[in-house]
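Have the model open and ready to rotate. We will walk from the packed interior out to the open spaces, stopping at individual residues along the way.

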Amino acid sequence: MNSLTQRDRKVIWHPYTQHKGFLPPIPIIEGKDTLLFDDKGKAYIDAISSWWVNIHGHAHPYIAEKLYRQALKLEHVIFTGFTHEPAVSLAERLLPLLPGDFSRVFYSDNGSTAVEVAIKMAIQYWGNHHDPDRPKTGSRKKILAFHHSYHGDTFGAMSVSERSVFTDAFRDFLFEVVFIDTPNPENIHALLQLVREQGPEIACIIYEPLLQAAGGMRMYDAASLDLLLTEIGQQGILTIADEVLTGFGRTGKLFAGEYLRHKADIICLSKGLTGGTLALGVTATTSPVFEAFLSDDKRKTLFHGHSFTANPLACTAALASLDLVLEEDCLRRIRHISRRQEAFLETLRSYPIVRNARALGTVVAFELNAGANEYINAIGPRLTAEALAAGIYLRPLGNTVYFMPPYCITEKEMDQVYDFLVHCLITYSGEPVTS
């Protein structure tokens, strides 16, 4: 009988994968807490939380039980003209926790679609405000975004993401965006001047607060971001916080926006929203944004939706995950992981091959001085293969290595990952730099 890997290679197209010459995929049969188990019984520490989503680890019994009970009652229903308890309860619980004065939740399927919804809301917000007697009210067309940003792989999300290997094939099809550097004390005055000059033409800015994840785990200054966002708000520009990764404890606080005085008009959530159990996206807005779509003119409706909008099972998983993340034990573990990641920086900085070691909350990251700083740097797949052999799953972004564990990781498991990284640094330090 063909193995699962052999069957996979005949029928599956994997994401972010060059299938010519790629390593055979490992069949994962079971997951429990921080561990993934393959078909031979080997365990792997999931050191990146399965693309940053499994904040509570795998197969959590509390989430599973809630899902089971909901599946026996209602698995799905169209969300136009109907509503249901999990969707309403999740919105009621989530809105007071968000960093800002949010009043409405729009559900979608994942982080990329949450961003698509946010962009469409911001663009149509200005169109809905258009007054024939004041033509400039509807003339805000520009969108601001940061260099090195990544907001997803659908076309709107790609358009507001840095032009890179992720978007190169579609460059001619993406709409124009004004890209600026992330703010710091050296460039903040130039950025403020740009906003003042172009403010009347700018519809919105979208940003990943404090941590640009897929762009290389880049961390930047909260105080400077606050200055920039405050000026942007004074110019009447809508602010969209992409907290798809940073939400639900990743940065040490429940949301990265809690580090900032300026609060966003729109926020995008996904990944840890359901504890990694099911796909779900949230785009939450303030009352002024929502009210711009209230009209007797049906053309001012937000014409956007998904077949699985507000899926009851996904909303139930999100409610269960929220129960867990708000428990004091989980908050304590987030604080503990954050302290350990910060402490590990001293070890990382003792190796010359390491550049720019940094930590924010439960995330630690650094660059290997091995060739170009790019996603297709060959050192990444090499480290992944060596980690798998050691029973650890790490997936560097090229030569950017990061460790982002589930909150249930044990001391022994953290030590195992740290020991492996140190072993790699010692090994790689004795080799010539190659790309």
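What follows is a tour of cores, buried residues, cysteines, spaces and backbone angles. Keep in mind that this is a predicted model.

Start with the nonpolar interior. In general, nonpolar side chains of soluble globular proteins tend to be buried together. Here the largest nonpolar core has 95 residues. Within this core, M217 and L368 have the most contacts. Helix 13, residues 411-429, supplies the largest share of the core, with nine residues. Apart from this core lies another, of 28 residues. Its members include F106, V115, A122 and L302.

Now centre the view on M217. What does M217 touch, once neighbours within four places in sequence are left aside? Its partners come from several parts of the chain listing: W52, L211, Q212, R358, V363, A365, L397, T400, Y402 and M404.

M404 also leads to the next stop, because it is among the contacts of T362. T362 sits in the loop between strand 13 (354-360) and strand 14 (363-368). Is this loop residue buried or exposed? T362 has 0% relative accessibility, so it counts as buried. Beyond its neighbours within four places in sequence, T362 contacts G249, R250, I334, I337, S338, Q341, F403, M404, P405 and Y407.

Move to helix 4, residues 85-94. Its buried residues are P86, A87, S89, L90, A91 and L94. As a general rule, an α-helix has 3.6 residues a turn, so residues three or four places apart point the same way. The buried residues of helix 4 pack against two helices, helix 3 (61-71) and helix 10 (312-325). They also pack against strand 4 (102-108), strand 11 (266-269) and strand 12 (281-286).

Q70 gives a close view of this region. It belongs to helix 3. Q70 counts as buried because its relative accessibility is 9%. Leaving aside neighbours within four places in sequence, Q70 contacts P86, P312, L313 and T316. P86 is one of the buried residues of helix 4.

S89 is another residue to pick out in helix 4. At 15% relative accessibility, S89 falls under the 20% limit and so counts as buried. Which distance separates S89 from C315 in space? The two are 8.6 Å apart, C-alpha to C-alpha, although 226 residues separate them in sequence.

C315 raises the matter of disulfides. The structure holds zero of them. Why does C315 not form one? The closest cysteine sulfur, in C268, is 16 Å from the sulfur of C315, which is too far for a bond. C315 is also buried, because its relative accessibility is 0%. C408 has no bonded partner either, because the closest cysteine sulfur, in C330, is 9.1 Å away.

Next, look for spaces. Searching the whole structure turns up one cavity of 30 Å³ or more. The volume of the largest cavity is about 60 Å³. Its lining is made up of P99, Y207, P209, A241, E243, G257, L260, H262, K263, A264 and I267. By class, that lining has seven nonpolar, two polar and two charged residues.

The largest pocket has a volume of about 1700 Å³. Its lining has 42 residues, and P15, Y16, T17, Y393 and R395 are the closest to its centre. Nonpolar residues number 27 in this lining, with ten polar and five charged. Helix 1 (4-11), helix 2 (49-52) and helix 12 (379-389) each give at least two residues to the lining. Helix 12 gives the most, with six.

Finish with the backbone. Most residues other than glycine have a negative phi. Which phi does W51 have? It is positive, at about 65°, although W51 is not a glycine. W51 is in helix 2. Its relative accessible area is 33%, so W51 is partly exposed.

H148 also has a positive phi, of about 70°, and is not a glycine. H148 lies in the loop between strand 5 (142-146) and helix 6 (155-159). With 32% relative accessibility, H148 counts as partly exposed.

How values were computed
Residues are numbered from 1 along each chain as its sequence is written. This is a predicted model: local features need pLDDT of at least 70, side-chain atom pairs count only at pLDDT 80 or more; totals for chains, interfaces and linings use all residues. Side-chain values use heavy atoms; hydrogens and water are left out. On a 1 Å grid over the protein atoms alone, a cavity is a set of points where a 1.4 Å probe fits but cannot get out, and a pocket is an open set with protein on both sides within 12 Å along at least five of seven lines; lining residues have an atom within 4 Å of a point. Grid points are joined across faces, edges and corners, and a volume is the space filled by probe spheres set on the points. Ala, Val, Leu, Ile, Met, Phe, Trp, Tyr, Cys and Pro count as nonpolar, Asp, Glu, Lys and Arg as charged, and the others, Gly among them, as polar. Helices (H or I, at least four residues) and strands (E, at least two) are DSSP runs, numbered from the N terminus. A disulfide is a pair of cysteine sulfur atoms within 2.5 Å. Buried means under 20% relative accessible area, exposed over 50%, partly exposed in between (1.4 Å probe, protein chains only). A nonpolar core is a set of buried Ala, Val, Leu, Ile, Met, Phe, Trp, Tyr and Cys residues joined through side-chain atoms within 4.5 Å. Contact means heavy atoms within 4.5 Å.
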